[in-house]
Amino acid sequence: MSDAIAAAVLAACRSVLPSTRPLPLHEPTLGEAERRLVDECMRSGWISTAGPYVERFEAAIAAFTGARHVVATVNGTAALHGALLVLGIGGGDEVLVPSLTFVATANAIAYSGAAAHFVDACPHTLGVDPVVLDRYLSAIAIRHRDGTQNRVTGRRLSALIVMHTFGHPANMDALRDVVRSWNIALIEDAAEALGTTWRGRHAGTFGSIGTLSFNGNKIVT
């Protein structure tokens, strides 16, 4: 992102805030409804990995996003790690990841044993730039029948993780076309993008697997 665009984003944020204090990344609002539901959950004894609240939560997210299957995990990083493992990505693989992201996206790749391969972000969407990515892969990658190889490192380019920065959607149509042409799996880090749609379709539902987060600094939380 250029200095001019960063300044414009900052000015836009400040324009909707009444004070001149530092811009908060998150300010959770916890009221009586939250207290009542937490108390009810604790009284039920189901406070860990199962129980009716987990099932209701998964069903609600599926209904809201249009995802066919929803599985709750302990956090968004674990969800990304699990996505990589489910797709068989590990040692000897490289995973394309935007240079503009939160460290958890790259951490999940490291946890899987793969290597993070950083690629350029687009100044208009703040996500992976599909035009630059396709041009870059043409320069460094070799297509094989069973996948794509980095001609420089010799490792398999197994997946692209797209991150929707601050909930702003990446150009998913173009990115999906690029990864399909290169036989690369698509994973969406939609941690910040609950409620975000791209051309009428919810973020996190374009790739093989998408992940959402409900950490204290996320939209609904």
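Arg201 sits over the face of Phe206, at 4.7 Å from the ring centre. In this predicted model, a second arginine is placed in a comparable way: Arg143 lies over the face of Trp182, at 3.6 Å from the ring centre. The table sets out the two contacts.

| Charged residue | Ring residue | Distance to the ring centre |
|---|---|---|
| Arg201 | Phe206 | 4.7 Å |
| Arg143 | Trp182 | 3.6 Å |

Ring-to-ring contacts are the next topic. How many aromatic pairs does a search of the whole structure find? The search of the whole structure gives one. This pair consists of Phe57 and Phe214, and its geometry is edge-to-face, with 4.8 Å from centre to centre and 75° between the planes. An angle over 60 degrees counts as edge-to-face, so the 75° between the planes of Phe57 and Phe214 puts the pair in that class. Phe57 belongs to helix α3 (residues 52-65), while Phe214 is in the segment after β9 (209-211), so the contact ties together parts that are 157 residues apart in sequence. Phe57 has a relative accessible area of 36% and is partly exposed. Phe214 is partly exposed as well, with a relative accessible area of 30%.

Gly66 is found in the loop between α3 and α4 (76-86). Is Gly66 buried or exposed? With 55% relative accessibility, Gly66 counts as exposed, because the cut-off for that class is over 50%. The C-alpha atom of Gly66 is separated by 9.9 Å from that of Ala203, and the two residues are 137 residues apart along the chain.

The strand that holds Arg143 can be described through its pairing. Strand β3 (residues 141-144) pairs with strand β4 (residues 147-150) in the antiparallel sense, over four bridges. Which residue of β4 is the bridge partner of Ile142? The partner of Ile142 is Gln149. The connection from β3 to β4 is a hairpin through two residues.

On the surface, Val38, Met42 and Ile47 make a nonpolar patch of about 320 Å². Val38, one of these residues, is part of helix α2 (residues 32-44). Its relative accessibility is 46%, so Val38 counts as partly exposed. Patches are made of residues with over 30% relative accessible area, so the 46% of Val38 meets that cut-off.

Methods
Residues are numbered from 1 along each chain as its sequence is written. This is a predicted model: local features need pLDDT of at least 70, side-chain atom pairs count only at pLDDT 80 or more; totals for chains, interfaces and linings use all residues. Side-chain values use heavy atoms; hydrogens and water are left out. Patches are made of residues with over 30% relative accessible area and no salt bridge: like charges are joined within 9 Å, nonpolar side chains (Val, Leu, Ile, Met, Phe, Trp, Tyr) within 5 Å. Accessible areas come from the Shrake-Rupley method with a 1.4 Å probe; for residues, only the protein chains shown count as cover. A salt bridge is a side-chain nitrogen of Lys or Arg within 4 Å of a carboxyl oxygen of Asp or Glu. Buried means under 20% relative accessible area, exposed over 50%, partly exposed in between (1.4 Å probe, protein chains only). Rings of Phe, Tyr and Trp (its six-membered ring) pair if their centres lie within 6.5 Å; planes under 30 degrees apart count as stacked, over 60 as edge-to-face and the rest as tilted. A charge sits over a ring if NZ of Lys or CZ of Arg is within 6 Å of the ring centre and within 35 degrees of the ring normal. Two strands pair if DSSP finds at least two bridges between them.
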